[in-house]
Amino acid sequence: MAIPAAARDGAEPRRPDADEPPPGHLPRGPHPAPYNPPDAIAPYAGAPERHPRRPLAPVRLDPDDVELTGPVFGAADVDALDSDLTRQHAGEPIGERITVSGRVTDRRGRPVRGQLVEIWQANAAGRYANQLDRHPAPLDPNFTGVGRCLTDDAGGYRFTTLKPGPYPEGDQPHVWRPAHVHFSLFGTAFTQRLITQMYFPGDPLLAYDGLWRSAVEAGTDGRLVAAYDPALSVSGASLGYRWDIVLDGPSATWTEARR
């Protein structure tokens, strides 16, 4: 058995340092700096084409005249199939099925009944069924990504759909939009319309999203994230998420009109 030279000389043998790599270990190169762009992402302001270019013009008619020209939705116009986005085509869509449900209320928690709620979203691969979407992800012939329903007497709504996939932000490298579902809420006419988005809990992409940062600045970001709710899950079929919408007051859900 060979005796280390240090031991033969009466010195204590050298012990390897705990951080010292083992013999034969090839050192790794420096780790790349983590991508951390939130400070460089401007809050969402909408497309310039959607901003008014002229001052608002006052309406000199009776306000009720405007309401009479708007659409009227009733139970005959919206059926159960409209709220189940997984059954609108002959085949089965691909993706994780989810149930999204909640209540639409006013600032005092009173239910808002009979209101038209619309949703639209990307498919599970992160692509919209829209000819303007150039994301090279596959389209799903059995998923259009559009649904609607009317709130019930308790202000409740319910959709069965697929969890949408994230997709790249076209003008910002390395940035992907988090998974989200667009919501549109109507009053009794198109002039009474609010548009917002629902996000999913625990999504690491939220901090990189410009629209999300707008809600953060407004202090309403927490109101845009749905909560996982096992009670809404359908056994063997879909996971359940609860997302309530408050239309006005200090606890109002963030909408594009309030950006």
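A residue counts as buried when its relative accessible area is under 20%, as exposed when that area is over 50%, and as partly exposed in between (1.4 Å probe, protein chains only). The structure is a predicted model, in which local features need pLDDT of at least 70 and side-chain atom pairs count only at pLDDT 80 or more, while totals for chains, interfaces and linings use all residues. Residues are numbered from 1 along each chain as its sequence is written, and side-chain values use heavy atoms, with hydrogens and water left out.

**Exercise 1. Getting your bearings**

Work out how many helices and strands the protein chain has, and what percentage of its residues count as buried.

*Solution.* Start with the elements: helices (H or I, at least four residues) and strands (E, at least two) are DSSP runs, numbered from the N terminus. With that rule the protein chain has 3 helices and 11 strands. Next, put them in order; along the sequence they read α-α-β-β-β-β-β-β-β-β-α-β-β-β. Then turn to burial: 35% of the 259 residues count as buried. Finally, look at contacts, meaning heavy atoms within 4.5 Å. Among those with a separation of 6 or more, 68% are between residues 24 or more positions apart.

**Exercise 2. Strand S1 and its partners**

Find which strands pair with S1, and say for each whether it runs parallel or antiparallel.

*Solution.* Two strands pair if DSSP finds at least two bridges between them. Take S4 to begin with: S1 and S4 run antiparallel and are joined by 7 bridges, with Arg103 opposite Gly156. Go on to S10 (residues 239–242), which runs parallel to S1 with 4 bridges; here Ser101 faces Arg242. Then add S11 (residues 245–246), also parallel to S1, through 2 bridges. In that pairing, Thr105 has Val246 as its partner. To finish, check how covered S1 is: 7 of its 9 residues are buried.

**Exercise 3. The largest nonpolar core**

Identify the residues that touch the most other members of the largest nonpolar core, and the elements that each supply at least two of its residues.

*Solution.* Such a core is a set of buried Ala, Val, Leu, Ile, Met, Phe, Trp, Tyr and Cys residues joined through side-chain atoms within 4.5 Å. This one has 29 residues, and Tyr157, Phe159, Phe183, Met198 and Trp243 touch the most other members. At least two core residues come from each of S1 (97–105), S2 (116–120), S4 (156–162), S7 (180–186), S8 and H3. Now zoom in on Phe183, which sits in strand S7. Its relative accessible area is 1%, so Phe183 is buried. Then turn to helix H3 (residues 210–217), where Gly210, Leu211, Trp212, Ser214 and Ala215 are buried. Their cover includes strands S6 (176–177) and S8 (193–199). Just past H3, Gly219 has a positive phi of about 75°.

**Exercise 4. Aromatic pairs**

Classify the ring pairs Tyr128–Tyr167 and Phe200–Tyr241.

*Solution.* Rings of Phe, Tyr and Trp (its six-membered ring) pair if their centres lie within 6.5 Å; planes under 30 degrees apart are stacked, over 60 edge-to-face, and the rest tilted. The structure contains 8 such pairs. For Tyr128 and Tyr167, the centres are 5.5 Å apart and the planes at 70°, so this pair is edge-to-face. Tyr128 is in the loop between S2 and S3 (146–150) and Tyr167 is in S5 (residues 167–168), 39 residues apart. Both Tyr128 and Tyr167 are buried. For Phe200 and Tyr241, the centres are 5.2 Å apart and the planes at 85°, so this pair is edge-to-face. Phe200 belongs to the loop between S8 and H3 and Tyr241 to S10, so the pair ties together parts 41 residues apart in sequence. Phe200 and Tyr241 are both buried. Lastly, note the cluster: Tyr157, Phe159, Phe183 and Trp243 form one aromatic cluster.

**Exercise 5. Two aspartates in a loop**

Decide whether Asp82 and Asp84 are buried or exposed.

*Solution.* Locate them: Asp82 lies in the loop between H2 and S1, and Asp84 lies in the loop between H2 (63–68) and S1. Asp82 has 19% relative accessibility, so it counts as buried. Asp84 has 12%, so it counts as buried. Then check surroundings: beyond neighbours within four places in sequence, Asp82 is in contact with Asp77, Gln88, Val146, Gly147 and Arg148.
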